[in-house]
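Q: I am new to this structure. Could you show me how to read it, one feature at a time?

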Amino acid sequence: MKHRIVVLGAGYAGVYVAGNLARRLSPADTEITVVNAVPDFVERLRLHQVAAGQEIETQKLTDIFAGTGIRLHVARVTAVDPERQVVTVADAAGGAELGYDTLLYALGSRGDDRGVAGVAEHAFDVASRPSALRLRDRLDGLREDGTVVVVGDGLTGIETATEIAESRPGLSVTLVARGELGAPLSAGARNHLRQACDRLGITVLEHTSVEAVEATGVLCADGTALASDATVWTTGFVVDPIAAAAGLEVTESGRIVVDRTMRSLSHPNVYAAGDSVFTIGENGLPLPMSCASAGYTGMQAMKAIVGGLTGSKIGHVKLAYPGNHISLGRQDGILQLVDHEARAKPKYMGGRKAARIKAGILKMSLWTNSHPTFCVPTRKRHLSSEPGSVPAGRPRRGGGRVAA
């Protein structure tokens, strides 16, 4: 009986892990199934460009996984039962249950409305491709003197506001910042960001909280009312409650708690990667939700799964937080490195060179995920039957944690 590996989610983490498992494990011993709600690979890091009106080509997951032996199941995950080792999905046929021996949970995150009144009904976001397309349609329908309010001054808010302002110069764009604009950046990078907002005509409101969103504007906590033809909500991300409902050990925010190898502390045949996982980086701080974190945690989970199944040594991936790369439209950007304490280093890179480097990073990430088996090994590893290894059939329940 083949060992069944099911990967939930085909974002940056899920696609990488699935492809590399197919690259390293023998198809004679394993079968890999990827479950994803849509048939395409979504470049989440470019959804603000989609919203602004730029055409970003999408790649079909069937094309990405062609020739790998990976099975793609286009469906929405509705539940996980780790005791029965099944995943319940809703698809075009109605629904199904998929059994697994090893599960990789990489369902990512969605926009967080923070419980603010009116956000769900009236605001747009760029957390998914459908929502980014809805925002684009709304912007297309605005008059040239229309108003856009972007709430949230994190990386997503900054990139969305600058992209819209550059792509649609007739619109009036306001960026609402809860604190100081670009507070996590170095002094020089903050100044560069302010100059970019000035150049693009963006109005910045600092130290401002929004307490309600209406159809025609937003209401601030200090009583200020801002007219808005399109309100974009970018205050953060949250994970779906599926893992918590399954009984997996999770944080208060619902992210899966794992050991150093991305293995669930409560269920040893479940691994997690990407935004869904809570793990501590090399600096002693939780890794942030980001594409870089998806890469590190995905690589670590892949190494742990391969090592556990084949009886080989499990290597440790450095869980680093190197810094931020921020696009400010197509011709400007900021690269801000951080120190071991995740504090911005004094030096930064800004301007066209930073924009080109970020574009290169995005292109490299897309290429890597689009070619999951680009470096095919001469020999794929077979499942181990050594004592202590996970057998080719159903793994031991209640097994110990993976050793370093």
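Q: How much area does the protein chain expose, and what share of it do carbon and sulfur atoms supply?

A: Keep in mind that this is a predicted model. The exposed area of the protein chain is about 18,100 Å². Carbon and sulfur atoms supply 52% of that area.

Q: What percentage of the residues in the protein chain is buried?

A: A residue counts as buried when its relative accessible area is under 20%. Here 50% of the 404 residues are buried.

Q: What radius of gyration does the protein chain have, and what would a compact globule have?

A: Compare the two values. A compact globule with 404 residues would come near 22 Å. The protein chain has 22 Å, so the two agree. For the outline, picture a box of roughly 65 × 50 × 35 Å along the principal axes, filled by the C-alpha atoms.

Q: What share of the contacts joins residues 24 or more positions apart?

A: Take the contacts in the protein chain with a separation of 6 or more. Of these, 66% are between residues 24 or more positions apart.

Q: How many helices and strands does the protein chain have?

A: There are ten helices and 24 strands.

Q: How do strands of a sheet pair?

A: They pair through backbone hydrogen bonds, and the pairing is either parallel or antiparallel. This structure offers a case of each pairing. Start with the parallel one: four strands form an open sheet in the order 13-12-11-17.

Q: Which strands stand at the edges of this sheet?

A: Strand 13 (203–205) and strand 17 (230–233) do. Each has a single partner strand, so one side of each lacks a neighbour in the sheet. On average, neighbouring strands here are turned by 20° against each other, direction ignored.

Q: How many bridges join strand 11 to strand 17?

A: Four bridges join them, and the two strands run parallel. Strand 11 covers residues 147–151. For one position, look at Val 148: opposite stands Ala 230 in strand 17.

Q: Now the antiparallel case. In which order do the strands of that open sheet come?

A: The order is 6-7-8, with three strands in the sheet. Strand 6 (76–81) and strand 8 (96–99) are at the edges. Each pairs with a single strand, so one side of each is left without a neighbour in the sheet. Neighbouring strands of this sheet are turned by 30° on average, direction ignored.

Q: Over how many bridges do strand 7 and strand 8 pair?

A: Strand 7 (residues 86–90) pairs with strand 8 over four bridges, in the antiparallel sense. Find Thr 88, whose bridge partner in strand 8 is Glu 97.

How values were computed: Residues are numbered from 1 along each chain as its sequence is written. This is a predicted model: local features need pLDDT of at least 70, side-chain atom pairs count only at pLDDT 80 or more; totals for chains, interfaces and linings use all residues. Side-chain values use heavy atoms; hydrogens and water are left out. Two strands pair if DSSP finds at least two bridges between them. Axes are lines fitted to C-alpha atoms, for helices over the stretch in contact, and angles run from 0 to 180 degrees between N-to-C directions. The radius of gyration is taken over C-alpha atoms; the globule rule is 2.2 Å times the number of residues to the power 0.38. Buried means under 20% relative accessible area, exposed over 50%, partly exposed in between (1.4 Å probe, protein chains only). Contact means heavy atoms within 4.5 Å. Accessible areas come from the Shrake-Rupley method with a 1.4 Å probe; for residues, only the protein chains shown count as cover.
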